[in-house]
Amino acid sequence: MSTSATNTTENTVATVVENAQLAEVALAKLLERIAPIFSAEEIALVEKAYDVAHKAHATQTRSSGEPYITHPISVAHIVLDMQLDYQSVMAALLHDVLEDTKTSREDLVEAFGDEVASIVDGLSKLNYLEFKSKEEAQAESFRKMLLAMVSDIRVILIKLADRLHNMRTIGVLSRERQKRIGRETLDVYAPIAGRLGMFKIKNELEDIGFECCYPARSRVLGGKVSQSHRNRNHVVAKIEEHILANLRAKGINASVTGREKHLFGLYRKMQRKQLSFQEVFDMFALRVVVDDIDECYRVLGIVHQLYTPIFSRFKDYIAKPKENGYQSLHTVLKHTDGIPVEVQIRTHEMDEFAESGIAAHWAYKEGKENVGHEQKAQFWLNTLIDMQSNTADTLEFVESVKGELLPSEIYVFTPKGKIIELPANATPVDFAYAVHSQIGNTCVSAKVDRNPMSLSMVLESGQTVAIQTSPDANPSPMWLNFVVTSKARTAIRHYLRQMDKSKAEEFGERLVKRALGRYDETPQSITDKAMQSLLAEFGFKSQEELYVDVGLGNHLPSQIAERLVAKKHGDENTEFPQLPVRETAPLTIEGREGSVLSLSKCCCPIPGDQVQGLITAGKGIAVHRAGCRNVSRYRRRPKEWVAVEWGVELADSFEAEIIVHLVNQPGALARVTSTMSLMDINIENMDFNNRGEGNIQIRFVLAVEDRKHLARIIRRLRNLTVVRGVNRRR
């Protein structure tokens, strides 16, 4: 054997020995931690789980070169930090065996029982299924994990531990993978940790994710925080000592500790509120922990006597806890040096929850009732089931969950005084669905503090909201433009899908009837044999399914009619002469949008415009203005055009686009927008098309009633001295 081969063999043996030693040391530390808290029988099961995991991962290493088993052991340590049970530690050790090894679920059931196997299965990805895209596969894995979490919260707690350790060791991966995983962590896993009140884990996930996605920003901001800390550390320490001395003098037993705002939280606050680094009030904070709630408010009074409070920054999360269960008093004080310092005041129980969240409180044992934080978490978990049953596909479900992870920030009241928690920017429609789905589906108007209010207006904390309903009312597709809660959005989409199917069937039947008129035929004149033959040819289970497909534009009515006539006459190769179309009533446009009859975005038709309908595959009928360039483009395809007309009574508003040419001078845009405001015009979108030395072109998307309404707006704008011209987009 050559010297180089000998050295290679020796190195390999040394690596194997070193890896085995690493695994043994890691196991020893784990057993040392669990010895005081688990029974001998439970410890034996944990050791058995380790043995299975160690053998399953025996030939695997991590990207860092370490033996793979060190990762499950590290996850188990994080699970122990959460104070979870022995089964959670077992599942943490086994969490990758189904995904990355030949171990099966049946093997786990046989060795450890169904409970541990179910947790591990909930943590495993769906690699054995085929999906249309990588995004769909990831979404389906996420969906599976969330639904497993509903039946056992430990699934998501262990998943968070897994993600935390992966983020702690992410430095060995490529920049591209770091950025992708960091983005996923910021979008999904950190918000879940926050929703469950696990702020310590949330903050660490966010800071590492921030560094992965924005390394330069993280480095610069971190440097500023370090410099600021050195400059202000002595001041904060003096405030801490001063407060503690005064509390002791008043006979209050309290602990006072300082902290810095975590980096990503600081960055997000600067972005959200457009603040400079120096304008962030709560960069430094003191945490005061006392024995009971009464002492919290006593401490608040004392610190307000010692330092000048900034009352606009005071928040009472004890009287009104956050949706994730977080409770504390927050106040910002100004020191004599002008340095603002936030003080958080809470009880020991509140402080424990602020650190560990639901993990510190969740009950596993039978007979123990969920209280407080557990009830809040369970309520959120139950909403996942509602979203699961009402969403059309996996990607929509995941997007809904992401929206649901945003924290609620406003509190409004029902007429009977019940508090309803809603996200920022929530509307009366969100409120209606939060009260009950049926109220949301039938709401027609709202009163806020006894005054009529638009369903699209944003609610504010402290308002009292009353919803008026009508048994004949239905959700409007327009609501999807302004609702912010997943419950409202999911319920609206679910209702519209059900309605769209019946509308598509009605449209499809009318279109086929119209096409059959070319052959002097009707649906009634087509033999049952011919219809059944056609259904079999196209793979439809029923005539209704055929009409839905035609109504949605997936098959041309002319194609269906031609095949039906050929099958009726028994010669499918014969071409039958088409007769002049027997004009039937045009299809009626009854609103702003829908899946079977929608208004085209390329020309934005509004009531009063001459319009035509174009059959579009998968989208039903798209309505275009007669002068639209797409009408000319498809003019030679008459089989795809249908007659449409505006309904008589249209209570909806419609999008219209105009280009306004302004004089480039201060206040010009304000003159235009204030004029629109006086006319009660809603600006749905606005952007600058072009900016020259003396001229600015701005595109406005306005909500208008009809063509006459738009004409009045254009005339009023043209009369302004700062406006050089107004044109409707063609």
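This section describes the confidence, overall composition, nonpolar cores and selected strands and helices of a predicted model.

The protein contains 26 helices and 21 strands. Of its 730 residues, 48% are buried. Among contacts with a sequence separation of 6 or more, 67% are between residues 24 or more positions apart. The exposed surface of the protein is about 37000 Å², of which carbon and sulfur atoms supply 49%.

The average pLDDT is 77, and 74% of the residues score at least 70. Over residues 3-13 the pLDDT is below 50, and this stretch has two contacts in the model beyond near neighbours in sequence. A further stretch, residues 126-133, stays under 50 in pLDDT; for these residues the model has nine contacts beyond four places in sequence. Where pLDDT is low, predicted coordinates should not be read in detail.

The largest nonpolar core comprises 59 residues, and within this core Leu 93 and Leu 94 touch the most other members. Helix 9, spanning residues 154-168, supplies the largest share of the core, with eight residues. Apart from residues up to four places away in sequence, Leu 93 touches Leu 30, Val 46, Ala 49, Tyr 50 and Ala 53, together with Pro 72, Ile 73 and Ala 76. A second core, separate from the one above, has 52 residues, including Met 531, Ile 681, Val 723 and Val 726.

Glu 206 is located in helix 11, which covers residues 199-213. With a relative accessible area of 3%, Glu 206 falls under the 20% cut-off and is therefore classed as buried. Outside its neighbours within four places in sequence, Glu 206 is in contact with Leu 186, Ala 190, His 262, Phe 264 and Arg 268.

Strand 6 (residues 340-347) is mostly covered, eight of its eight residues being buried. In a regular strand, side chains alternate between the two faces of the sheet. In strand 6, Pro 340, Glu 342, Gln 344 and Arg 346 point one way, whereas Val 341, Val 343, Ile 345 and Thr 347 point the other way. Residues of both sets are buried, the charged Glu 342 and Arg 346 among them. Strand 5 (residues 329-334) runs antiparallel to strand 6 and is joined to it by six bridges. Within this pair, Thr 331 stands opposite Val 343 of strand 6.

A separate description applies to strands 9, 10 and 11. These three strands form an open antiparallel sheet in the order 10-9-11. Strand 10 (451-453) and strand 11 (465-469) are the edge strands; each has a single partner strand, so one side of each is left without a neighbour in the sheet. From one strand to the next, the twist averages 35 degrees. Strand 9 (residues 443-448) pairs with strand 10 in the antiparallel sense over three bridges, and Lys 447 has Pro 452 in strand 10 as its bridge partner. Helix 18, formed by residues 428-435, lies across strand 9 and strand 11 and runs at about 80 degrees to strand 11.

Notes:
Residues numbered from 1 in each chain as written. Heavy atoms only, no water. Core = buried A, V, L, I, M, F, W, Y, C linked by side-chain atoms within 4.5 Å. Buried < 20%, exposed > 50% of the residue type's maximum accessible area, 1.4 Å probe, protein only. Helix = DSSP H or I, 4+ residues; strand = E, 2+ residues; numbered from the N terminus. Contact = heavy atoms within 4.5 Å. Pairing = 2+ DSSP bridges. Areas by Shrake-Rupley, 256 points an atom, 1.4 Å probe, with all protein chains shown as cover. pLDDT = per-residue confidence, 0-100. Axes fitted to C-alpha atoms, helices over the stretch in contact; angles between N-to-C directions.
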